[in-house]
Amino acid sequence: MGFDDIAGNARIKAVLRRTLGRGRLPHALLFVGPPGVGKRRTALALAQALNCLERADDACGRCPSCRTIADGRHPDVLEIIRPQVRKNGVEETRSSLGIVQFRELKQWAGLRPLSGKRRVFIWDVGLMSDDAGHAILKVLEEPSPSSTFILLSENPDLVLPTIKSRCQRLVFASVASEEIERILLRRGCPEERARTIALLVRGDLDRALEEDWDLAEKRRAEAWAAFSGLVDGRGGADFIRRWALPRRTKEAREGLAEEIELFRAFSRDLVLLQEAGEPGRLLNPDFETGLSELAGRLAPGTGLRLVEAFDRALTGLERRLNTGLLVSALAARMIG
Ligand SMILES: [Zn+2]
């Protein structure tokens, strides 16, 4: 897997290729960005490039070294994990790479490569305990000439400043939904589903690839029922009950954002049908009958007004405005 096999973040890939080509890659890097944007995949490609037998500025993906790293069997490419790392309450067992516990880090980091050119340590730092921070700091203070550290973080504010200052930071951006859609299509996902999933995951490519497609279809059908109810002036109370009152958890906010994203896609289709009459480019072609019926019945300009309302709601969610107020205001605006 070379850098070109990773979606999005072209600038970061160019920077890495350039520094690798000049042989000037810093010994510690910090990859920052939202979940699912390819931080770990890029770290793996970088580990391959550093050890590739064919190329200096990228991974060829074919040489024995590249292949062993891809299989997670290279003795010099290691993932650092903490005991009992938990994600969503589940014991983290995702790593397919060789594993080092951070307590043994110093020992490991000082070793010369066992079979490759460089030892590469990959660490999703997450919430860093003092112990872990201390261990990594010690290693970064006295870098070994033959080791590279790649730290991954969703939130740079959670990384100790003393660690940040010793790393070159690269900020990853979300992957564009068109690019996610293209990748899903290439993997044989049916076109409408690819489009829906790309909309739902809001730039998280990992989630797009793991998404349960049947569930996504079900969610879209539910969103359509809620959407058509709301614009018809019924269903407001139900919408508020579902989203305004319950928990203010991150999951609830994400669920709401997903539903609004789907509403926005229905409205965008309404705009096309109301203004341009171009059903060929609908985001939800399988809902065309219902959408056309709505488009004919609603006042001209309704689609545009709705798209604006959803944009405003999504911005509000990003700014962490009060969900209750946001949902009530949105319901009122939708009924218009
Ligand atoms: Zn190679």
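Burial and helix packing in a predicted model

Of the protein's 336 residues, 49% count as buried. The model is a predicted one, and its secondary structure comes to 15 helices and eight strands. About 16800 Å² of the protein is exposed, and carbon and sulfur atoms supply 50% of that area. As for how the chain meets itself, take the contacts between residues at least 6 apart in sequence: 68% of them join residues at least 24 apart.

Helix α8 is a good place to start on burial. This helix covers residues 191-201, and eight of its 11 residues are buried, so α8 is largely enclosed by the rest of the structure. The buried set takes in Ala194, Arg195, Thr196 and Ile197, and carries on through Ala198, Leu199, Leu200 and Val201. Among the elements that cover these residues are α7 (177-186) and α9 (205-210), along with α10 (213-231) and α12 (250-276). Right after α8 comes Arg202, with a positive phi near 50°.

Next, a helix pair. Two packed helices are described by the angle between their axes and the distance between the axes. For α11 (residues 236-243) and α15 (residues 323-335), the axes come within 9 Å of each other and cross at roughly 160°. With a crossing angle over 145° counting as roughly antiparallel, that makes α11 roughly antiparallel to α15. The crossing of the two is right-handed. On the α11 side, the contact is made by Gly236, Phe239, Ile240 and Trp243. The α15 side brings in Thr323, Val327, Ser328, Leu330, Ala331 and Ile335. Sorted by class, the contact between α11 and α15 has seven nonpolar residues and three polar ones, with no charged residues. On spacing within a helix, an α-helix has 3.6 residues a turn, so residues three or four places apart point the same way.

The loops have their own buried residues. Leu25 sits in the loop between α1 (10-21) and β1 (28-32). Its relative accessibility is 18%, and because the cut-off for buried is under 20%, Leu25 counts as buried. Leaving aside residues up to four places away in sequence, Leu25 touches Leu16, Thr19 and Leu20, plus Leu46, Leu50 and Thr148. One of these partners, Leu50, is 25 residues from Leu25 along the chain, and the C-alpha atoms of the two are separated by 9.3 Å.

Ser144 is another loop residue, placed between α5 (130-141) and β7 (147-153). With a relative accessible area of 15%, Ser144 is buried as well. Residues up to four places away in sequence aside, Ser144 touches Ala109, Gly110 and Arg118.

Finally, back to backbone geometry, with two residues outside the helices. Asn9 is not a glycine, yet its phi is positive, at about 50°. Asn9 is found in the segment before α1, and it is buried, with a relative accessible area of 16%. Arg320, also a residue other than glycine, has a positive phi near 60°. This arginine is found in the loop between α14 (302-318) and α15. The two part ways on accessibility: Arg320 is exposed, at a relative accessible area of 59%, whereas Asn9 is buried.

Technical notes
Residues are numbered from 1 along each chain as its sequence is written. This is a predicted model: local features need pLDDT of at least 70, side-chain atom pairs count only at pLDDT 80 or more; totals for chains, interfaces and linings use all residues. Side-chain values use heavy atoms; hydrogens and water are left out. Axes are lines fitted to C-alpha atoms, for helices over the stretch in contact, and angles run from 0 to 180 degrees between N-to-C directions. Helices (H or I, at least four residues) and strands (E, at least two) are DSSP runs, numbered from the N terminus. Angles under 35 degrees count as roughly parallel, over 145 as roughly antiparallel, 65 to 115 as roughly perpendicular and the rest as oblique. A crossing is left-handed if the near helix is turned anticlockwise from the far one by less than a right angle, and right-handed if clockwise. Contact means heavy atoms within 4.5 Å. Ala, Val, Leu, Ile, Met, Phe, Trp, Tyr, Cys and Pro count as nonpolar, Asp, Glu, Lys and Arg as charged, and the others, Gly among them, as polar. Buried means under 20% relative accessible area, exposed over 50%, partly exposed in between (1.4 Å probe, protein chains only). Accessible areas come from the Shrake-Rupley method with a 1.4 Å probe; for residues, only the protein chains shown count as cover.
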